[in-house]
Amino acid sequence: MIRAVITGTGAALPRRRVSNAELAQTVDTTDEWIVERTGIRFRHLAGPDETTATLATDAARAALAAAGRAPADIDLIVLATATPDQTFPASATKVQAALGIDDCVSFDVAAVCSGFLYALHVADSMIRAGAARRALVIGAETFSRILDWEDRTTCVLFGDGAGAIVLEAEESDSGARGILSTRLHADGRHNGLLYVDGGPSTTGTVGHVRMKGREVFRHAVVNLAAVMEEALAGTGYCANDVDWVVPHQANARILDATAKKLGLPPERVVMTVDQHANTSAASVPLALDVAVRDGRITAGDLIVLEAMGGGFTWGAALVRF
């Protein structure tokens, strides 16, 4: 069978790193308040010359180097983002041009914090169908551009960054490496719990992030635990077989509660929210790259990627790395 295998990971962060203490100089908050409620200690914020596309390009280059591939080897780019450089064209095409690729299928996917899982599923499906051989799957965001910096309940939660993987077609048997399963969901009835109050066809403006944190927390714990179990169902694996969970980095308390609900020890959950804050679609590939490069995740490990975001959208993938 043809299976899509992760052969390289990469990440990129803006140059400016902002601590809670620095943020407290301009926002009515404290380091203690932020850490207690979220686990966040730092975030990176994009400068004027840093955009979603430039960060995505840097992450893509790092992933290509890790995979030992050249840009010309890529025939598909799927970029997950809620903060594109422009309304159109897709930021993926800017990455394509920056990498010097003359022609490959390139498009954006919009599913907010679940975007990378959606993009992974699309690329996996295209590779399995024979429509692509080697793909760049990227999550990239500049959420700082859509934050209301006078709303301390949201502006302290987010950061900017990008993560990328190279996904390649390989012929393999049932026990080999690759994407083993993906499960995706959406429920638009919860739009009002996490959204941006603007858009081209409504206000004609970009708008700002708005969130009802308590309700989002409750849905996140239930939905993430359920979709992780779905990703395992029918594969012959159970939660105890999982070496690492690489979750969306929204809130340390959500990560702890989800792991507890699944009966997983916290040391098997990759957590980077303290250093990066919530980078939306970038958070899963960013965390994956950190854990690969520091040696925690190695070839053959069974990992679960999972995320939930505005919409609501949520999903999970089971991967043999």
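**Exercise 1. Work out which way the residues of strand β11 point, and which strand pairs with β11.**

Solution. W244 and V246 point one way from β11, while V245 and P247 point the other way, and all are buried, where buried means under 20% relative accessible area, with exposed over 50% and partly exposed in between (1.4 Å probe, protein chains only). In a regular strand the side chains alternate between the two faces of the sheet. This is a predicted model, in which local features need pLDDT of at least 70 and side-chain atom pairs count only at pLDDT 80 or more, while totals for chains, interfaces and linings use all residues. Residues are numbered from 1 along each chain as its sequence is written, and side-chain values use heavy atoms, with hydrogens and water left out.

The next step is the pairing: four bridges join β11 to strand β12 (residues 302-309), and the two run parallel. Two strands pair if DSSP finds at least two bridges between them, and strands (E, at least two residues) and helices (H or I, at least four) are DSSP runs numbered from the N terminus. Within β12, V304 is the bridge partner of V245.

**Exercise 2. Find the cavities and describe what lines them.**

Solution. On a 1 Å grid over the protein atoms alone, a cavity is a set of points where a 1.4 Å probe fits but cannot get out, a pocket is an open set with protein on both sides within 12 Å along at least five of seven lines, and lining residues have an atom within 4 Å of a point. Grid points are joined across faces, edges and corners, and a volume is the space filled by probe spheres set on the points. By this rule there are two cavities of 30 Å³ or more.

The largest cavity has a volume of about 50 Å³, and among the residues that line it are V245, P247, L264 and E306. The elements that give two or more residues to this lining are β11 (244-247) and α8 (252-262), and α8 provides the largest share, four residues. The lining of the largest cavity divides into eight nonpolar residues, one polar and one charged, where Ala, Val, Leu, Ile, Met, Phe, Trp, Tyr, Cys and Pro count as nonpolar, Asp, Glu, Lys and Arg as charged, and the others, Gly among them, as polar.

The second largest cavity, with a volume of about 30 Å³, has a lining that includes M228, V245, L264 and V304. Its lining residues divide into seven nonpolar, no polar and no charged.

**Exercise 3. Lay out the five-stranded open sheet and say why β1 and β5 each have one side without a neighbour.**

Solution. The sheet has the order β1-β7-β6-β4-β5, with mixed pairing. Since β1 (2-12) and β5 (105-109) stand at the edges, each with a single partner strand, one side of each is left without a neighbour in the sheet. The partner of β1 is β7 (residues 160-171), joined to β1 by 10 bridges in an antiparallel arrangement, and G10 stands opposite A164 in β7.

**Exercise 4. Describe the largest pocket.**

Solution. The largest pocket has a volume of about 830 Å³, and of the 36 residues that line it, the closest to its centre are A82, T83, P84, I146 and V206. β9 gives the most to this lining, with three residues. The lining residues of the largest pocket divide into 19 nonpolar, 13 polar and four charged.
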